[in-house]
Amino acid sequence: MFAKGEIARGTQGALRFLQRDPSAPFYFENTAEACLRSFQVMLLVAPLYMIYVVISYSSVEVAADPGEIALVEGLRYVVDWLLYPVLFYEIARRRRWLDRYPRYIGALNWINLPATAVLLIDAVVANVAPLPFPTIFDLAVLALLFYWMIITTRMILSVNWLIAGLLLVVNWVPSFFLSLIVSRMLGVAPAVSG
């Protein structure tokens, strides 16, 4: 696992992308070993994600039992985490970006740690704040996450806004459809308050 210094450095680098700090990419090594090691961030984020799932499911009706929810959400977590790196590898190969692939994927993996903390706050706000604030806050969080991905993509891959936006779509659309599939499998419906 990671030493505290590594976690601090990875998180600090991830947050520096939001500030558009030119040094942000250099918080992440551009080696295959560092890229592979960054996938261990998935283990750091898992407890936060579990809390996020529990909070999120507390505000909806679900046909599935808790064991099914845990299994399906666990599988979704792993698939969602690995899907973009696999898709992007083929894009990077065709666009001749393989020399930047390790740093890019490593940075995106580390961004998941503070990003999941933001999603956790969003889930809490959705459960405690009166309408329409949760919807507004949710859109602001989504905009922040999209901006984070686009800026990171631009800074590491040295691409324009259009290409960064297209890569955001390649990242987000499969995750969105995966969410729809999971919701349908589990029989998720908004809770009726009363």
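This is a short tutorial dialogue on reading selected features of a predicted model.

User: Where should I start with the packing of helices α3 and α4, and what is the angle between them?

Analyst: Start with the two axes. In this predicted model, helix α3 (residues 41–57) packs against helix α4 (residues 66–95) at about 135°, and the axes are 11 Å apart. That angle makes α3 oblique to α4, because an angle has to be over 145 degrees to count as roughly antiparallel. The α3 and α4 crossing is right-handed.

User: Which residues make the contact between α3 and α4?

Analyst: From α3 come Val41, Met42, Val45, Ala46, Tyr49, Val53 and Tyr57. From α4 come Ile69, Glu73, Arg76, Tyr77, Val78, Trp81 and Leu82. By class, the residues of this contact are twelve nonpolar, no polar and two charged.

User: Which residues of the largest nonpolar core touch the most other members?

Analyst: The core has 46 residues, and those touching the most other members are Phe17, Phe88, Trp97, Tyr104, Ile105 and Leu157. Two or more residues come from each of α1, α3, α4, α5, α6 and α7 (161–186). The biggest contributor is α5, which gives nine residues.

User: What does phenylalanine 88 contact, leaving aside neighbours within four places in sequence?

Analyst: Phenylalanine 88 is in contact with Trp97, Tyr101, Tyr104, Ile105, Leu157 and Leu167, once those neighbours are set aside. Trp97, Tyr104, Ile105 and Leu157 are also among the core residues that touch the most other members.

User: How do I read backbone geometry, and what is the general expectation for phi and peptide bonds?

Analyst: Most residues other than glycine have a negative phi, and most peptide bonds are trans. The cases to look up are therefore the departures from that pattern. Arginine 20, which is not a glycine, has a positive phi of about 60°. Arginine 96 is not a glycine either, and has a positive phi of about 60°.

User: Where do arginine 20 and arginine 96 lie?

Analyst: Arginine 20 is in the loop between α1 and α2. Arginine 96 is in the loop between α4 and α5.

User: Is arginine 96 buried or exposed?

Analyst: Arginine 96 has a relative accessible area of 71%, and so counts as exposed, the cut-off being over 50%. Arginine 20, at 45% relative accessibility, counts as partly exposed.

User: Which peptide bond is cis?

Analyst: The bond from leucine 131 to proline 132 is cis, with omega near 5°. Proline 132 lies in the loop between α5 (101–128) and α6 (133–157).

User: Back to the loop between α1 and α2: is aspartate 21 buried or exposed?

Analyst: Aspartate 21 has a relative accessible area of 15%, so it is buried, since the cut-off is under 20%. Its loop runs between α1 (4–18) and α2 (32–38). Not counting residues up to four places away in sequence, aspartate 21 touches Arg16 and Met155.

User: What does tyrosine 147 touch, with the same sequence neighbours left out?

Analyst: Tyrosine 147 touches Leu18 and Arg20, not counting residues up to four places away. Arg20 is the residue with the positive phi in the loop discussed above. Tyrosine 147 itself is found in helix α6 and is partly exposed, with a relative accessible area of 29%.

User: How many residues lie between tyrosine 147 and isoleucine 105 along the chain, and what separates their C-alpha atoms?

Analyst: They are 42 residues apart along the chain, and their C-alpha atoms are separated by 16 Å.

Technical notes:
Residues are numbered from 1 along each chain as its sequence is written. This is a predicted model: local features need pLDDT of at least 70, side-chain atom pairs count only at pLDDT 80 or more; totals for chains, interfaces and linings use all residues. Side-chain values use heavy atoms; hydrogens and water are left out. Helices (H or I, at least four residues) and strands (E, at least two) are DSSP runs, numbered from the N terminus. Buried means under 20% relative accessible area, exposed over 50%, partly exposed in between (1.4 Å probe, protein chains only). Contact means heavy atoms within 4.5 Å. Axes are lines fitted to C-alpha atoms, for helices over the stretch in contact, and angles run from 0 to 180 degrees between N-to-C directions. Angles under 35 degrees count as roughly parallel, over 145 as roughly antiparallel, 65 to 115 as roughly perpendicular and the rest as oblique. A crossing is left-handed if the near helix is turned anticlockwise from the far one by less than a right angle, and right-handed if clockwise. Ala, Val, Leu, Ile, Met, Phe, Trp, Tyr, Cys and Pro count as nonpolar, Asp, Glu, Lys and Arg as charged, and the others, Gly among them, as polar. A nonpolar core is a set of buried Ala, Val, Leu, Ile, Met, Phe, Trp, Tyr and Cys residues joined through side-chain atoms within 4.5 Å.
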